[in-house]
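Open the model in your viewer and keep the selection panel at hand. Each stop below says what to select and what is there.

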Amino acid sequence: MSEEESERETKGLGRYERFRGDHPIVVEGLVNRFGDQTIHEDLSLTVNRGEILGVVGGSGTGKSVLMRSIIGLQTPNAGQIEVFGRSITDAEPDENLGLRNRWGVLFQGGALFSTLTVGENVEVPLKQFYPDIQPQLLHEIARYKVVMSGLPEEAASKYPSELSGGMKKRAGLARALALDPELLFLDEPTAGLDPIGAAKFDRLTRELQQTLGLTVFLITHDLDTLYEICDRVAVLADRQVIAVGTIPELLETDHPWIDEYFNGPRGRAARESKTRAETMDNPPGDGA
């Protein structure tokens with residue numbers, strides 16, 4: 001075995017292999033500044049393979065900046081970021097191309113190309129990374145991803161301007177899934193959706209995570225989403241990740257922002273809703 005093959009085996013990152021380590025994302029000592037404004041200072045975070053990690057924080061805490069740093073769209077001032085065991089911060093831009101087809105990103109609002117149909121939007125990353133795919137197969141893959149995201153097949157031929165807000169989110173999700181990623185980044189995926197649409201998107205996210213074996217990095221302010229599908233929650237405040245854990249674990253902390261967020265009116269309503277749902281699924285005396 002060559003040195004290169006040995007390193008690849010250690011990292012678990014052969015071209016057609018899935019990552020086998022425990023932590024696909026490791027952030028250590030991250031610093032992000034914009035002029036005189038410091039967004040992150042010595043921020044560290046470890047994401048477990050196969051989990052849905054919710055990321056929350058007040059306005060201006062840099063949730064999206066953190067995500068952009070992890071996927072290489074934001075160059076941090078200091079710190080280390082490893083994705084699938086490889087450094088994002090030390091590598092040249094071209095060196096990260098071999099990693100970018102291993103993650104998918106749903107940006108806020110979907111970020112679809114307005115002059116392309118939904119199907120053509122989904123084809124964009126496929127054409128970038130697999131330029132030799134025949135057009136007919138390309139169209140079939142795109143339509144499959146559209147259906148996988150919960151849209152009807154005919155939506156593939158529609159333009160973003162012809163879609164509702166919820167449909168645009170799903171179209172963006174279809175594009176994020178185009179390359180069969182191992183990591184899925186979702187930035188406020190339920191923002192602007194009505195409660196029914198948001199709940200459906202949450203269920204779809206969990207189903208995809210379980211079916212495809214995804215690790216999901218989910219930025220949200222939706223407490224119902226946190227209670228419904230997140231395995232752990234990371235809290236950004238004071239320029240750092242101040243706590244990471246399950247919601248019951250976070251409720252044991254004494255940080256004022258965490259207390260206000262989870263124990264405020266909306267937090268209590270989300271907790272009560274989750275409790276009612278669990279009671280309906282497991283009524284008293286069931287199985288007695």
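**Stop 1: a helix pair**

Select helix α4 (residues 118-129) and helix α5 (residues 135-148): their axes come within 9 Å and cross at roughly 115°. This is a predicted model. The crossing of α4 past α5 is right-handed.

Now show side chains. On the α4 side, pick V118, G119, V122, E123, L126 and K127. Their partners in α5 are L138, H139, I141, A142, K145 and V146. Colour this contact by class and you get 7 nonpolar, 2 polar and 3 charged residues.

**Stop 2: the whole chain**

Zoom out. The protein has 11 helices and 10 strands. It holds 288 residues, of which 47% count as buried.

Switch on the surface. The accessible area comes to about 14800 Å². Carbon and sulfur atoms own 47% of that area.

How much of the contact count comes from residues 24 or more positions apart? Among contacts in the protein with a separation of 6 or more, such pairs account for 66%.

**Stop 3: helix α6**

Select residues 165-176, helix α6. Put a distance marker between its end C-alpha atoms: they are 17 Å apart. At 1.5 Å a residue, the 12 residues should span 16 Å, so the model agrees with the expected length.

Next, colour α6 by burial. K169, R170, A171, G172, L173, A174, R175 and A176 are buried. What lies over them? The cover includes strands β6 (103-106) and β7 (183-187). It also includes helices α4, α5 and α7 (195-212). The helix pair from the first stop is thus part of this cover.

**Stop 4: F201 in α7**

Stay with α7 and select F201, which is found in this helix. Is F201 buried or exposed? Its relative accessible area is 1%, under the 20% cut-off, so F201 is buried.

Show what surrounds F201. Leaving aside neighbours within four places in sequence, F201 is in contact with L106, K169, R170, L173, P189, T190 and L193. Three of these names, K169, R170 and L173, are also on the list of buried residues in α6. Take R170 for a distance check: its C-alpha atom is 8.2 Å from that of F201, though the two are 31 residues apart in sequence.

**Stop 5: G213, after α7**

Follow the chain out of α7. G213 lies in the loop between α7 and β8 (215-219). With a relative accessible area of 41%, G213 is partly exposed.

Which residues does G213 touch, beyond neighbours within four places in sequence? They are R18, E182 and L208. Now add G50 to the selection. G213 and G50 are 163 residues apart in sequence, yet 6.1 Å apart in space, C-alpha to C-alpha.

**Stop 6: P24 and F84**

Go to P24, in the loop between α1 (3-11) and β1 (25-34). P24 is buried, at 1% relative accessible area. Setting aside neighbours within four places in sequence, its contacts are F19, V47, N48, R49, E82, V83, F84, L183 and T215. R86 is 62 residues away along the chain, and its C-alpha atom is 9.3 Å from that of P24.

From that contact list, select F84. It sits in the loop between β4 (78-83) and β5 (86-87). F84 is buried too, with a relative accessible area of 1%. Check the backbone: phi of F84 is near 55°, a positive value in a residue other than glycine.

**Stop 7: D238**

For another positive phi, select D238, where the angle is near 55° in a residue other than glycine. D238 lies in the loop between β9 (232-237) and β10 (240-245). Buried or exposed? At 55% relative accessibility, D238 counts as exposed, whereas F84 is buried.

**Stop 8: G62**

Finish at G62, in the loop between β3 (52-57) and α2 (63-70). G62 counts as buried, at 9% relative accessibility. Not counting residues up to four places away in sequence, G62 touches I39, H40 and L236. Mark the C-alpha atoms of G62 and H40: they are separated by 7.2 Å, with their positions 22 residues apart along the chain.

How values were computed. Residues are numbered from 1 along each chain as its sequence is written. This is a predicted model: local features need pLDDT of at least 70, side-chain atom pairs count only at pLDDT 80 or more; totals for chains, interfaces and linings use all residues. Side-chain values use heavy atoms; hydrogens and water are left out. Axes are lines fitted to C-alpha atoms, for helices over the stretch in contact, and angles run from 0 to 180 degrees between N-to-C directions. Helices (H or I, at least four residues) and strands (E, at least two) are DSSP runs, numbered from the N terminus. A crossing is left-handed if the near helix is turned anticlockwise from the far one by less than a right angle, and right-handed if clockwise. Contact means heavy atoms within 4.5 Å. Ala, Val, Leu, Ile, Met, Phe, Trp, Tyr, Cys and Pro count as nonpolar, Asp, Glu, Lys and Arg as charged, and the others, Gly among them, as polar. Buried means under 20% relative accessible area, exposed over 50%, partly exposed in between (1.4 Å probe, protein chains only). Accessible areas come from the Shrake-Rupley method with a 1.4 Å probe; for residues, only the protein chains shown count as cover. The expected span of a helix is 1.5 Å times one less than its number of residues.
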